Number of protein chains: 2
Amino acid sequence: MTTVVDSRPALVEQWVATELGNSSYVVVDRNSGDAAVIDPLCDVDRYLAAARASGWRVAASLDTHVHNDFVSGGPTLRAATGCVFAVPDSSGIAGVDRTLRGGDELAVGSMSLRAIHSPGHTPEHLSYLLVDADGTPLALFSGGALMVGTMARPDLLGPSWTYALSRMGRETLQQLLTLPDALSVLPTHGGGSFCGSATSNARVTTVGAERRDNPLAQARDLAHFLAIHAKQGRYPAYYARMAPINRAAEPGAATVTTSQLSVAAFDDAVAGGAIAVDCRAYADFDAAHVPGSLNVPGDGPFSAWVGWVVDIGTPVALVAASEPAAEEATRQLRRIGFHDLRGWLDAHDWIADGRATATVVRCTMGDLAERILDGEHVTVIDVRQENEWAQGHLPGAVHALAPDLPGIAARLDRREPVAVHCATGYRSALGVSMLLREGIDDVWHVSEGVEAWSALGYPLVTSA
Amino acid sequence: MTTVVDSRPALVEQWVATELGNSSYVVVDRNSGDAAVIDPLCDVDRYLAAARASGWRVAASLDTHVHNDFVSGGPTLRAATGCVFAVPDSSGIAGVDRTLRGGDELAVGSMSLRAIHSPGHTPEHLSYLLVDADGTPLALFSGGALMVGTMARPDLLGPSWTYALSRMGRETLQQLLTLPDALSVLPTHGGGSFCGSATSNARVTTVGAERRDNPLAQARDLAHFLAIHAKQGRYPAYYARMAPINRAAEPGAATVTTSQLSVAAFDDAVAGGAIAVDCRAYADFDAAHVPGSLNVPGDGPFSAWVGWVVDIGTPVALVAASEPAAEEATRQLRRIGFHDLRGWLDAHDWIADGRATATVVRCTMGDLAERILDGEHVTVIDVRQENEWAQGHLPGAVHALAPDLPGIAARLDRREPVAVHCATGYRSALGVSMLLREGIDDVWHVSEGVEAWSALGYPLVTSA
């Protein structure tokens, strides 16, 4: 939590969920203590604890748009506090107190949040301009309409929307960039979000910086805007589940809790249909893991990858190295709508109990290169995004993102090793665990990226 | 049919099947009239007619390797003539008269075909060196071991074979290039074959030309060889069906025949499970076609695309503009193992009979650009191969080869147009007809390639 605006009476705190690449904001009028939360996540206990500690009253919760990447905390915040739940007009969100159109204002003590219709990421999208009692703009909560160096992607409603939303988005951008140069821009989507292609890790910017540096602002016409903006990578499968949930807008639990499972209880959960998801570092997973478990390390976009390969309705039993790690994993899964979380197993207990473990063969690019250049049989799978693959990949490699591996597993040669790599070992860890679940035994986890192949003096191939 | 070697007593005729990108060869010893056929297709009536006309005796039929792209004519030629059917040792082909290893010779009158083990495209692959009675080499039948400017792909047995076959292939290439510079090289696979990535339309070459110009011959080590050779596009699905058929080696009909269907008989065929395949030019198909029919124009790699989207066991009823076109389409389908061909309907009869026809909306890139830049909804699908896509595509387009369209059809927005393009209108014609079969009504056939988008001043995007 970072203070990003501090000009009496306004205080704005930014709450970053790095696994989502998103920020929520708490806006406070320090004179009255009235607070509004913008784009809250559903684990609202954190905002409530901060408000309690500081003596703020949560008066409103606002969504900038119908979120596709997480479950809005608005309904839960409203249920917990009685605050006003405000959303864009024509968003189709149920159970709201106010629907806002461009120009509408919502008071936060003596200040106001003024809605600016800013379609582009989605059609109903609003940005909120925080103005003081004199009407002086203090900050722009831009949602996905203006991100650091980009704007949020135009294709989440499907590829038929790309051009329409891009055209709207370009007009939105031009409109927002008429605001004062010095104005703080506080986006919801940032670096690491699959909702955009941010190349910066900065999570705040200014109108002036964006007017100067945002490539989309430089595009001389819509065709050139599209050439930048309508080029996006693939995004997690769970996104398709979020908008209906956010429109239904049922309140949930404000607090995230999890319970530790005994080995027997874990067995029961798995026997009852739960999928085992191991959130430990891949080094630990590779050394010894529960057979059949998926590995999505907690030190990355954990929920995005779990939600890409496991439907949010599936029961999940976590495997973790510690209670804090299990709690964080639980929190992240709750945020994207997993609602049947059966608890967590301490990996040490499994081993201490003498239960059978599986291991993964780890290798370097050098090991893989040796096998390849010896002319041995091996299938190489590159699980990176298309743009990474296109820039340079190992000759003869198969390109398939981890979620696609079950679909190609039947065609893989099971008599010979299957080596999986990405850029860092993170995504390949998931890929490896998915192949093991498909019954492919001889899987090699290559924990280096293609630059290690290049460093050996071997050429990469591009897609073109 | 072209004479490619003519030096008494040797005569070699090349029979090109452009739809396969392949050549078969008839080798004749003019002193004795003995002839051998190398890599014959299964419609052997053509070779037999030529032999009859010239007074040759077909003494042998040789395969260079277990073909993955067509049904060998060897078994049928043997059944029709009693000739020797000779294949590589360890090819697993049944019912043969001789299995050859490197160094083995097979006489053609006073000349001999000397087998050279040349693995790379497949492990058992043989090339055949034609030598005269003095042992002087006259020509090399290189199969897929040496093509004009390349060698045949190393991945048809699956990606786990790529490195092993590439390593063997590099050694094969080095060995073959020690033959005399002036020696004619007569490959089976050539330009247009999905078995290789030939960039030349030339179908004959020499050892010297290949030593000088073949990029694979220049690769300084296996890693650099792989960077050229282990980069291949996708290939037709029917390939997976060919090796088992060629190993079973059952003789078939020597002659291709087809019968014209009345409209009623055509209806019966379709009602009985036949898929309607229209081999007319796409302009004709777009103007009026039998609802539910696929369009694979005859003036291109017809059989490759039919065999990519229709299993060879499926009954097929052709729609054609003329009897010669229907016969050619039938011949091509027979060559890749379609064996339940129900005959052909003259498209004029359908129309003359007053039957309902369907049409396709044709448009230019300019029409599509107008819709895109007006910000209208439209899904753009680019059905080209990955390397073409990677070099430059329309922003916001979806990349899916025609065979993949049924798999994505359920996710397409059916309320808005779906525009399909390739490079020339040929592959998009198939894509359009497949989407229509999926019940998507508003399909636009863009009959221009991406260069037309560029020519309008609009930028393309690359994959990298």
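Biologist: Which residues of chain A does UniProt list for "domain: Rhodanese"?
Modeller: The model is a predicted one. The UniProt entry is unreviewed. For "domain: Rhodanese" it lists two stretches of chain A, residues 270-353 and 374-462.

Biologist: How far apart are the end C-alpha atoms over residues 270-353 of chain A?
Modeller: This stretch is 42% helix and 20% strand. Its end C-alpha atoms are 17 Å apart.

Biologist: And over residues 374-462 of chain A, how far apart are the end C-alpha atoms?
Modeller: Here the chain is 33% helix and 16% strand. The end C-alpha atoms are 23 Å apart.

Biologist: What separates the centres of domain 1 and domain 3 of chain A?
Modeller: Chain A is divided into domain 1 (2-248), domain 2 (260-352) and domain 3 (361-455). The centres of domain 1 and domain 3 are taken over C-alpha atoms. The separation is 38 Å.

Biologist: Which residue of chain A has the C-alpha nearest the axis?
Modeller: A rotation of 180 degrees, with 0.0 Å of shift along its axis, superposes chain A on chain B at an RMSD of 0.0 Å. The two copies are therefore related as by a two-fold rotation axis. At 3.5 Å from that axis lies the nearest C-alpha of chain A, that of A:Ala390.

Biologist: What percentage of the interface residues of chain A are also interface residues in chain B?
Modeller: The copies meet through the same surface. That follows because the share of chain A interface residues that are also interface residues in chain B is 100%.

Biologist: How many residues of helix H10 of chain A are buried?
Modeller: Helix H10 of chain A spans residues 302-309 and is mostly covered. Its cover includes strand E15 (275-278), strand E17 (316-320), helix H11 (323-335) and helix H16 (426-437) of chain A. Among the buried residues are A:Phe302, A:Trp305 and A:Trp308. Of the eight residues in the helix, the buried ones number seven.

Biologist: Is B:Ser303 buried or exposed?
Modeller: B:Ser303 lies in helix H10 of chain B. Leaving aside neighbours within four places in sequence, its contacts include B:Glu19, B:Tyr238 and B:Ile336. Its relative accessibility is 1%. The cut-off for buried is under 20%, so B:Ser303 counts as buried.

Biologist: Which residues does B:Gln332 touch, not counting those up to four places away in sequence?
Modeller: B:Gln332 sits in helix H11 of chain B. At 5% relative accessibility, B:Gln332 counts as buried. The residues it touches are B:Glu19, B:Phe302 and B:Ser303.

Biologist: Which element gives the most to the lining of the second largest pocket?
Modeller: This pocket holds about 410 Å³ of space. Its lining has 28 residues, and those closest to the centre are B:Val71, B:Gly252, B:Arg334, B:Gly337 and B:His339. Helix H2 (74-81), helix H7 (239-248), helix H11 (323-335) and strand E18 (341-346) of chain B each give two or more residues. With three residues, the one that gives the most is E18(B).

Biologist: What is the relative accessible area of B:Leu113?
Modeller: B:Leu113 lies in strand E9 (residues 111-117) of chain B. Leaving aside neighbours within four places in sequence, B:Leu113 is in contact with residues including B:Ala36, B:Ile38, B:Leu62, B:Tyr128 and B:Phe141. B:Leu113 is buried, with a relative accessible area of 0%.

Biologist: How far apart in space are B:Leu113 and B:Gly92?
Modeller: In sequence, B:Leu113 and B:Gly92 are 21 residues apart. In space, C-alpha to C-alpha, they are 21 Å apart.

Note on methods. Residues are numbered from 1 along each chain as its sequence is written. Chains are lettered from A and ligands numbered from 1 in the order in which they are written. This is a predicted model: local features need pLDDT of at least 70, side-chain atom pairs count only at pLDDT 80 or more; totals for chains, interfaces and linings use all residues. Side-chain values use heavy atoms; hydrogens and water are left out. Helices (H or I, at least four residues) and strands (E, at least two) are DSSP runs, numbered from the N terminus. Buried means under 20% relative accessible area, exposed over 50%, partly exposed in between (1.4 Å probe, protein chains only). Contact means heavy atoms within 4.5 Å. UniProt positions are given in the numbering used here, feature names are shortened, and annotations may be inferred rather than shown by experiment. Domain bounds come from an automatic or database domain assignment. Copies are superposed by least squares on the C-alpha atoms of residues with pLDDT of at least 70 in both. On a 1 Å grid over the protein atoms alone, a cavity is a set of points where a 1.4 Å probe fits but cannot get out, and a pocket is an open set with protein on both sides within 12 Å along at least five of seven lines; lining residues have an atom within 4 Å of a point. Grid points are joined across faces, edges and corners, and a volume is the space filled by probe spheres set on the points.
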